[in-house]
Amino acid sequence: MNTDKNNVIIGTIDNEEPAHHWRMLKNVTGKVVLDLGCAPAVLNMQSTAEYFISQGALRCVGVDVWTQTTSSPNLELIDRGITCGQDLTNLLLRVKPQIVKCDIEESEKFFHDVDPVAFCIPDEYAIETHYTDELYASIQSLLVERGYVIRGLYQAVEYPMCRVVWASKPSQE
């Protein structure tokens with residue numbers, strides 16, 4: 001793993017295991033996590049929502065078009081897709097997460113339509129972008145425009161158009 005001239009981590013993602021794929025979100029202990037796209041990437045793999053709870057998250061709200069059942073009282077699963085910015089605004093206002101992890105297969109584009117006040121509720125974002133350089137660049141620009149600092153950029157080894165932008169508020173340094 002390297003850093004650029006702005007001290008941004010430049011890394012790769014070479015598997016779907018949550019501890020590797022989302023390793024930038026290493027301090028979830030005692031925090032509320034909104035996990036957009038929480039279903040396991042591979043059958044019999046721990047879901048990212050379960051992973052965050054196992055790492056000490058106070059509460060995790062997982063959203064996906066396919067969810068499983070859970071016995072964890074700290075984990076709420078919502079079986080639905082994200083179809084517009086208002087869906088994201090409503091979730092941010094209801095959950096009030098400190099951390100947002102997003103892997104919602106191009107629906108990350110709807111962050112551009114999120115209410116600015118709701119957008120700035122989380123202290124930290126990790127947003128996986130899909131398919132286009134324009135979306136990747138626009139998510140970075142949006143985060144910076146809203147006052148976040150880009151902390152890391154990660155690219156999937158097997159799927160080069162799949163990239164994660166990790167950003168946090170300046171106070172989270």
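Leaving aside residues up to four places away in sequence, which residues does Asp 87 touch? Asp 87 touches Arg 80, Gly 81 and Ile 82, where contact means heavy atoms within 4.5 Å.

## Before you look around

What you have here is a predicted model, so local features need pLDDT of at least 70 and side-chain atom pairs count only at pLDDT 80 or more, while totals for chains, interfaces and linings use all residues. Residues are numbered from 1 along each chain as its sequence is written, and side-chain values use heavy atoms, with hydrogens and water left out.

## The chain as a whole

The secondary structure adds up to five helices and nine strands. Helices (H or I, at least four residues) and strands (E, at least two) are DSSP runs, numbered from the N terminus. Walk along the sequence and you meet them in the pattern β-β-α-β-α-β-β-α-β-α-β-α-β-β.

Of the 173 residues in the chain, 50% are buried. Buried means under 20% relative accessible area, exposed means over 50%, and partly exposed is in between (1.4 Å probe, protein chains only). The chain's accessible surface comes to about 8,300 Å², and 52% of that belongs to carbon and sulfur atoms. Those areas come from the Shrake-Rupley method with a 1.4 Å probe, and for residues only the protein chains shown count as cover. As for contacts between residues at least 6 apart in sequence, 63% join residues at least 24 apart.

## Helix α3 and its cover

Back to Asp 87, which sits in helix α3. Asp 87 counts as buried because its relative accessible area is 12%. The buried residues of α3 (residues 85-95) are Gly 85, Asp 87, Leu 88, Thr 89, Leu 91, Leu 92 and Val 95.

What lies over them? The cover for the buried residues of α3 includes the strands β3 (32-36), β4 (59-64), β5 (75-79), β6 and β7 (124-129), along with helix α4. Just after α3 comes Lys 96, with a positive phi near 50°.

## Two loop residues with positive phi

Glu 105 is found in the loop between β6 (99-102) and α4 (116-119). Its phi is positive, near 45°, and Glu 105 is not a glycine. With a relative accessible area of 45%, Glu 105 is partly exposed. Glu 105 also belongs to a negative surface patch, together with Asp 14, Glu 16 and Glu 158. Patches are made of residues with over 30% relative accessible area and no salt bridge; like charges are joined within 9 Å, and nonpolar side chains (Val, Leu, Ile, Met, Phe, Trp, Tyr) within 5 Å. A salt bridge is a side-chain nitrogen of Lys or Arg within 4 Å of a carboxyl oxygen of Asp or Glu. Lys and Arg count as positive, Asp and Glu as negative, and His and the chain ends are not counted. The place of a charge is NZ of Lys, CZ of Arg, CG of Asp or CD of Glu.

Tyr 131 is in the loop between β7 and α5 (133-145). Tyr 131 has a positive phi of about 80°, although it is not a glycine. At 48% relative accessibility, Tyr 131 counts as partly exposed.

## Val 149 in strand β8

Look for Val 149 in strand β8 (residues 149-156). Val 149 is partly exposed, at 28% relative accessible area. Setting aside neighbours within four places in sequence, Val 149 is in contact with Trp 166, Ala 167, Ser 168 and Pro 170. Val 149 and Ala 167 are 18 residues apart in sequence, yet their C-alpha atoms are 5.3 Å apart in space.
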